Amino acid sequence: MDVVVITGCSRGIGLGLALEFARKKVNLIATCRNPSSATELQKILSENGQPPAESLDTTNSDSVKQLAEKVKSKYGKVDILLNNAGIGTKNHPHDPPDQVDIPEMLKVYQTNIGGTTQVTQAFLPLLKASSNPRVLCISSFLGSISKNEPSESNFYMCTSYRCSKAAMNQLIKCFALSIPEITFLSVSPGHVQTDLGNASGRTAPLTVPDVSRQIADLSFRVPKTESGKFMDFTGAAIPY
């Protein structure tokens, strides 16, 4: 039975992914910063016979190491790691480059890039113990440099978030080239109806259930030949 670890499960896409995987025949480790307050997540896990959510702060090395050791002790492997935890700026998507708050930008990088790197590093030994290890990182089409044009959408000013997702795409490419025995993907969920997606009075066109279902499906069917790619939630390639 596959062992699946998901970060950032208390809301949004992470909560949707937790629901999708909880319904499957897997051992699910759903994580968030404060499981005691994640009542909807805990309900999903309990109703589907999965263990309670685990505490994880992806930016805290001790928290990451403790979880990795706990998973190692209980399961001895990880088959799928879904790096979903991520943040935007307080005024997302309004973050023009001439007004970027540098401490806030670095905070976005600390979670979106530093946290993703730290979690992936910690779980590499457990992933290597799997016969088909996969790492999917939730990126964004906003991380595409070639698609960053005013005609694309009205989101082109969210500088810090865009830069962090472009960096994530490069990070995943580096992991894929360095560790060919693991399949790494950078996946854009599209513009989804989450707190971030609907920020500043917007209404996103995609729903969490539909996108989460397709990302879960992608995690099971992706071939190793696709490792290092940047794609959308259906598996279609996105230009860097």
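**Entry 1: the sheet**

I began with strand S1 (residues 2-6) and strand S2 (residues 26-32), and I noted that they run parallel and are joined by five bridges. I should write down at once that this is a predicted model. Within this pairing I looked up Asp2, and I found that Asp2 stands opposite Val26 in S2.

I then traced the whole sheet, which is open, has seven strands and follows the order S3-S2-S1-S4-S5-S6-S7, with parallel pairing. Which strands stand at the edges? I found strand S3 (54-55) and strand S7 (229-232) there, and each has a single partner strand, so one side of each is left without a neighbour in the sheet.

Next I asked which helix packs on the sheet and touches S7. I noted helix H6 (residues 208-221), which touches S1, S2, strand S4 (80-83), strand S5 (134-138), strand S6 (183-188) and S7. The direction of H6 makes about 150° with that of S5.

**Entry 2: buried strands**

I checked how far S2 is covered, and I found that six of its seven residues are buried, so S2 is largely enclosed by the rest of the structure.

For S6 I counted six of six residues as buried, and I wrote down that this strand is mostly covered. I also looked at which way its side chains go: Thr183, Leu185 and Val187 point one way from S6, while Phe184, Ser186 and Ser188 point the other way, and all of them are buried.

I then followed S6 to its partners in the sheet. S5 and S6 pair in the parallel sense over five bridges, and in S6 the bridge partner of Arg134 is Thr183. S6 and S7 also pair in the parallel sense, over four bridges, and here I found that Ser188 has Asp232 in S7 as its bridge partner.

**Entry 3: two helices**

I turned to helix H1 (residues 12-22) and helix H2 (residues 39-47), which pack at an angle of about 10° with their axes 9 Å apart. Angles under 35 degrees count as roughly parallel, and H1 and H2 are therefore roughly parallel to each other. I listed the residues that make the contact as Leu15, Ala18, Leu19 and Ala22 of H1, together with Glu40, Leu41 and Ile44 of H2. When I sorted these contact residues by kind, I had six nonpolar, no polar and one charged.

**Entry 4: Thr111**

I looked up Thr111, which lies in helix H4 (residues 102-128). Is Thr111 buried or exposed? Its relative accessibility is 6%, so I entered Thr111 as buried. Leaving aside residues up to four places away in sequence, I found that Thr111 touches Arg33, Thr58, Thr59, Ala85, Gly86, Ile87 and Thr116.

**Entry 5: cysteines**

I reminded myself that a disulfide is a covalent bond between the sulfur atoms of two cysteines. How many disulfides does a search of the whole structure find? I recorded zero.

To see why for particular cysteines, I kept in mind that the two sulfur atoms would have to be within 2.5 Å. The closest cysteine sulfur to that of Cys9 is in Cys32, at 7.1 Å, which is too far for a bond. Cys9 has 0% relative accessibility, so I noted it as buried.

For Cys163 the closest cysteine sulfur is in Cys158, at 9.3 Å, and this is again too far for a bond. Cys163 has 30% relative accessibility, so I noted it as partly exposed.

How values were computed. Residues numbered from 1 in each chain as written. Predicted model: local features only at pLDDT ≥ 70, side-chain atom pairs only at ≥ 80, totals over all residues. Heavy atoms only, no water. Axes fitted to C-alpha atoms, helices over the stretch in contact; angles between N-to-C directions. Parallel < 35°, antiparallel > 145°, perpendicular 65-115°, else oblique. Contact = heavy atoms within 4.5 Å. Nonpolar A, V, L, I, M, F, W, Y, C, P; charged D, E, K, R; others polar. Buried < 20%, exposed > 50% of the residue type's maximum accessible area, 1.4 Å probe, protein only. Pairing = 2+ DSSP bridges.
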